[in-house]
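User: I would like a close look at one part of this protein, set against the whole fold. Please keep the terms explained as you go.

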Amino acid sequence: MVKIKIKLDKVDDLTVLNAAASDMPFDIDAASGWYVVDAKSLIGLFGLKLSKPIRVSIYTDRLHAQPFLDRIQTMMV
């Protein structure tokens with residue numbers, strides 16, 4: 001599992017995160033506080049508190065996660 005933190009500064013970042021996650025064959029969760037959602041669920045992502053960095057858990061190894069990480073690199077904290 002790979003864990004990172006990202007900062008979503010604008011609503012468009014949610015759609016970029018969702019599109020990148022949806023293209024991956026492995027599970028990706030996003031969490032804010034105790035609230036955890038599937039990053040492939042745009043509706044779930046809209047429920048996150050965006051004022052603080054979001055924790056992202058990627059359920060694969062670093063090598064396979066790299067294409068996803070490349071797509072969201074500008075959001076990583």
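In what order do the elements of the protein chain run from the N terminus on? After that, please look closely at the sheet and what surrounds it.

Analyst: The elements run β-α-β-β-α-β-α from the N terminus on. This is a predicted model, in which local features need pLDDT of at least 70 and side-chain atom pairs count only at pLDDT 80 or more, while totals for chains, interfaces and linings use all residues. Residues are numbered from 1 along each chain as its sequence is written, and side-chain values use heavy atoms, with hydrogens and water left out.

The protein chain has three helices and four strands; helices (H or I, at least four residues) and strands (E, at least two) are DSSP runs, numbered from the N terminus. Of the 77 residues, 40% count as buried, where buried means under 20% relative accessible area, exposed over 50%, and partly exposed in between (1.4 Å probe, protein chains only). The C-alpha trace spans about 30 × 25 × 20 Å along its principal axes.

Now the sheet. It is an open sheet of four strands in the order 1-4-2-3, with antiparallel pairing. Two strands pair if DSSP finds at least two bridges between them. Strand 1 and strand 3 (35–38) stand at the edges with a single partner strand each, so one side of each has no neighbour in the sheet. On average, neighbouring strands of this sheet are turned by 25 degrees against each other, direction ignored. For such angles, axes are lines fitted to C-alpha atoms, for helices over the stretch in contact, and angles run from 0 to 180 degrees between N-to-C directions.

Strand 1 pairs with strand 4 in the antiparallel sense over five bridges. One example is lysine 3, whose bridge partner in strand 4 is serine 57. At the other edge, strand 2 and strand 3 run antiparallel and are joined by four bridges; here alanine 30 has valine 37 in strand 3 as its bridge partner.

The two faces of strand 1 differ: Val2, Ile4 and Ile6 make up a covered face, and Lys3 and Lys5 an uncovered one. Ile4 and Ile6 are also among the residues with the most contacts inside the largest nonpolar core, which has 24 residues. A nonpolar core is a set of buried Ala, Val, Leu, Ile, Met, Phe, Trp, Tyr and Cys residues joined through side-chain atoms within 4.5 Å. Strand 1 (2–6), helix 1 (11–22), strand 2 (28–32), strand 4 (54–58) and helix 3 (62–71) each supply at least two residues of this core. Helix 1 gives the largest share, four residues. In soluble globular proteins, nonpolar side chains tend to be buried together.

Isoleucine 4 shows what lies around the covered face. Leaving aside its neighbours within four places in sequence, isoleucine 4 is in contact (heavy atoms within 4.5 Å) with residues including Val56, Ile58, Leu69, Ile72 and Met76.

Polar residues can be buried too. Serine 32, in strand 2, is buried at a relative accessible area of 16%. Its side chain reaches the backbone oxygen of lysine 49 at 3.3 Å. Beyond residues up to four places away in sequence, serine 32 touches Leu48, Lys49 and Ile54. Asparagine 18, in helix 1, also counts as buried, at 13% relative accessibility. With residues up to four places away left out, asparagine 18 touches Ala39, Lys40, Ser41, Leu42 and Leu45.

Terms used
A polar contact is a pair of N or O atoms within 3.5 Å; within protein, one must be able to donate a hydrogen and the other to accept it, and residues adjacent in sequence count only if both atoms are side-chain atoms.
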